[in-house]
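Work through the exercises below with the sequence and the coordinates side by side, and attempt each task before reading its solution.

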Amino acid sequence: MKTSSLRYLIKEGARNIWSNRIMSFTSMGVLTTCLLLVGAAYLITVNVNSMVRYVEDQNEMSVFLAEGIEKAEVSSIQKQISNLRNVVKVDYISKEEGLENMKESFGEDAYLIDDLKDRNPIPETFVVKVEDISLTARTKSDLEAIPGIEDVRASSAVADTMTRLQQIVGTFGSAIILALGIISLVIISNTIRATIFTRRKEINIMKFVGATNSFIRIPFVVEGFLLGLFSASIAFLIIWGSYHYLVDSLKTGASAFLNEVFQSIIPFDELALSLGVFFGITGTVLGMFGSLISMRKHIKV
Amino acid sequence: MNFVIDLNHVSMKYDKKNIALHDVNIHVGAGEFVFIVGASGAGKSSIIKLLLREKTASAGIVSVNGVNVGRLKQRQIPYYRRKLGVVFQDFRLIPNMTVFDNVAFSLRVTDTSNKFIRNRVPYILNLMGLEHKAKSYPHEISGGEQQRVALARALVNDPPILIADEPTGNIDPELSFEIVELLQGINQCGTTVLMVTHEQEMVKSFGGRIITIDRGTVVFDDTVQPDGRMEVLR
Ligand SMILES: Nc1ncnc2c1ncn2[C@@H]1O[C@H](COP(=O)(O)OP(=O)(O)O)[C@@H](O)[C@H]1O
Ligand SMILES: [Mg+2]
């Protein structure tokens with residue numbers, strides 16, 4: 001085939017988008033929505049996983065010891081804690097270190113607690129890291145049962161929420177994606193069925209002047225490819241914008257702890273490439289297949 | 001004699017109930033002008049479908065330019081069709097292409113260079129008296145003009161055979177004569193022309209070779225003087 005012919009066919013494909021603009025916009029709408037939904041599901045899954053990982057990493061419990069405990073007793077308590085089933089790591093923080101840490105967190109206002117040095121109110125503390133976040137409550141009561149331990153603080157409410165969230169996203173997420181996939185397919189094939197009618201005559205005419213099947217197909221493929229590319233770009237821009245907006249508004253309204261959790265939200269830049277490639281490929285492949293399917297029946301004249 | 005269009009004992013059916021043609025014999029020599037007439041439903045379009053290889057005969061042999069049309073392989077069909085110019089009652093122009101592009105289309109299909117297209121299309125449009133309509137879209141011009149565009153498209157490849165299925169069916173009667181005269185002019189230049197119509201009166205006024213089809217069979221095939229009497233073959 002001459003390059004001038006190929007250029008003509010590519011131009012035809014682009015022109016057909018405008019000639020059949022109602023159909024083109026409908027197809028683009030469907031394709032964009034489909035990509036948006038799948039993209040959103042992907043982003044939510046990725047981020048919930050990241051947050052859960054963060055909370056799990058942070059799932060430390062603070063174990064406060066009673067006043068005036070012997071050194072020997074402290075190490076025996078540490079051993080007992082280490083032997084608990086769900087515990088992966090135990091760090092000892094002495095009264096002095098505890099005060100030091102507190103000062104640090106006060107920053108410039110540290111002078112306020114300068115005079116506490118002599119009557120340090122901070123208890124000796126173990127920072128205990130647990131393995132399975134969902135067993136936090138049990139581990140907490142185990143810890144409380146150890147003599148010499150006065151108080152245990154765990155962020156078990158958050159831990160519970162995160163675990164449940166992950167379960168929900170895990171089970172329902174895949175179901176939702178599947179359902180949306182089926183719905184999109186139904187819509188796309190219906191859109192295509194409507195296209196067939198308007199295009200049937202045109203294909204028929206081409207066949208009567210002796211056009212080969214590939215000659216007829218190329219503009220359709222180009223058209224589908226471009227529609228797919230446009231849809232992918234639109235979906236990408238919308239996702240980009242909404243992601244930034246959502247993340248910003250989440251971060252401003254959140255409590256201090258949640259804010260910390262939200263630090264684990266993956267920045268869009270890190271996801272942009274994979275999302276862009278996914279959108280591009282899915283969009284253009286769906287577009288080209290949609291186009292080819294829409295004409296398959298009518299090319300056999 | 002070698003026939004460019006040769007139907008030998010051809011039968012054709014759409015399904016068990018719709019038998020369109022029964023034992024049809026039509027032989028057309030190179031350079032002939034032939035009218036095929038018959039009432040609606042007689043089987044005229046079915047003959048054209050066979051010639052274009054849109055359908056195949058259930059019995060008999062259809063050959064065009066020495067090619068056994070029924071034997072063509074699927075991938076040979078486009079190349080076969082390029083040797084036939086066809087016009088239909090409903091013009092069959094591509095609505096979102098200009099007159100120029102509609103005509104150019106049958107050249108582009110054959111991988112013709114842009115340079116040739118730029119010369120050839122205006123030449124053909126000129127012949128059809130359409131030079132000033134090149135940039136118009138089909139819906140912007142009259143029925144007679146649309147049919148001339150369809151004719152230009154059919155002729156731009158310079159095919160040896162021109163087939164016209166009711167080319168005057170959607171055109172005002174005065175303009176119908178013009179179209180037939182145009183076809184006769186094309187025939188004068190050496191193209192074999194087969195024109196199908198149900199308008200018996202018009203055919204009689206032109207005369208020439210007339211084939212009458214009735215309920216799927218040929219009932220008359222002879223050369224008639226303009227306004228001459230037609231007699232049924234028996
Ligand atoms: N697509 C079709 N399916 C079934 N029967 C058809 C079809 N097309 C035409 N026929 C039948 O075949 C016969 C001949 O039709 P056709 O060749 O179109 O007639 P004409 O062109 O002379 O009006 C008619 O009886 C018609 O009903
Ligand atoms: Mg007919």
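**Exercise 1.** Determine whether Ser82(A) is buried, partly exposed or exposed, and describe its surroundings.

*Solution.* Begin with the relative accessibility of Ser82(A), which is 37%; because buried means under 20% relative accessible area and exposed over 50%, with partly exposed in between (1.4 Å probe, protein chains only), Ser82(A) counts as partly exposed. Next, place Ser82(A) in helix α3 (residues 71–83) of chain A, where helices (H or I, at least four residues) and strands (E, at least two) are DSSP runs numbered from the N terminus. Then list the contacts, meaning heavy atoms within 4.5 Å: leaving aside neighbours within four places in sequence, Ser82(A) touches Val87(A) and Val90(A). Finally, compare positions along the chain and in space: Ser82(A) and Tyr42(A) are 40 residues apart along the chain, and their C-alpha atoms are separated by 38 Å.

The model is a predicted one, in which local features need pLDDT of at least 70 and side-chain atom pairs count only at pLDDT 80 or more, while totals for chains, interfaces and linings use all residues. Residues are numbered from 1 along each chain as its sequence is written, chains are lettered from A and ligands numbered from 1 in the order in which they are written, and side-chain values use heavy atoms, with hydrogens and water left out.

**Exercise 2.** Work out the strand order of the open sheet in chain B, and explain why one side of β2 and of β5 is left without a neighbour.

*Solution.* The four strands run in the order β2-β1-β4-β5 with antiparallel pairing, two strands being paired if DSSP finds at least two bridges between them. Since β2 (19–29) and β5 (67–68) of chain B stand at the edges, each has a single partner strand, and so one side of each lacks a neighbour in the sheet. Strand β1 (residues 3–13) of chain B pairs with β2(B) over seven bridges, and Ile5(B) has Val28(B) as its bridge partner in β2(B). Helix α1 (residues 44–51) of chain B packs on the sheet, touching β1, β2 and β4 (59–64) of chain B.

**Exercise 3.** Describe the environment of Ser46(B), stating whether it is buried or exposed.

*Solution.* Ser46(B) lies in helix α1 of chain B and is buried, with a relative accessible area of 5%. Beyond residues up to four places away in sequence, Ser46(B) touches Met12(B), Tyr14(B), Ala20(B) and Leu21(B).

Note on methods
Axes fitted to C-alpha atoms, helices over the stretch in contact; angles between N-to-C directions.
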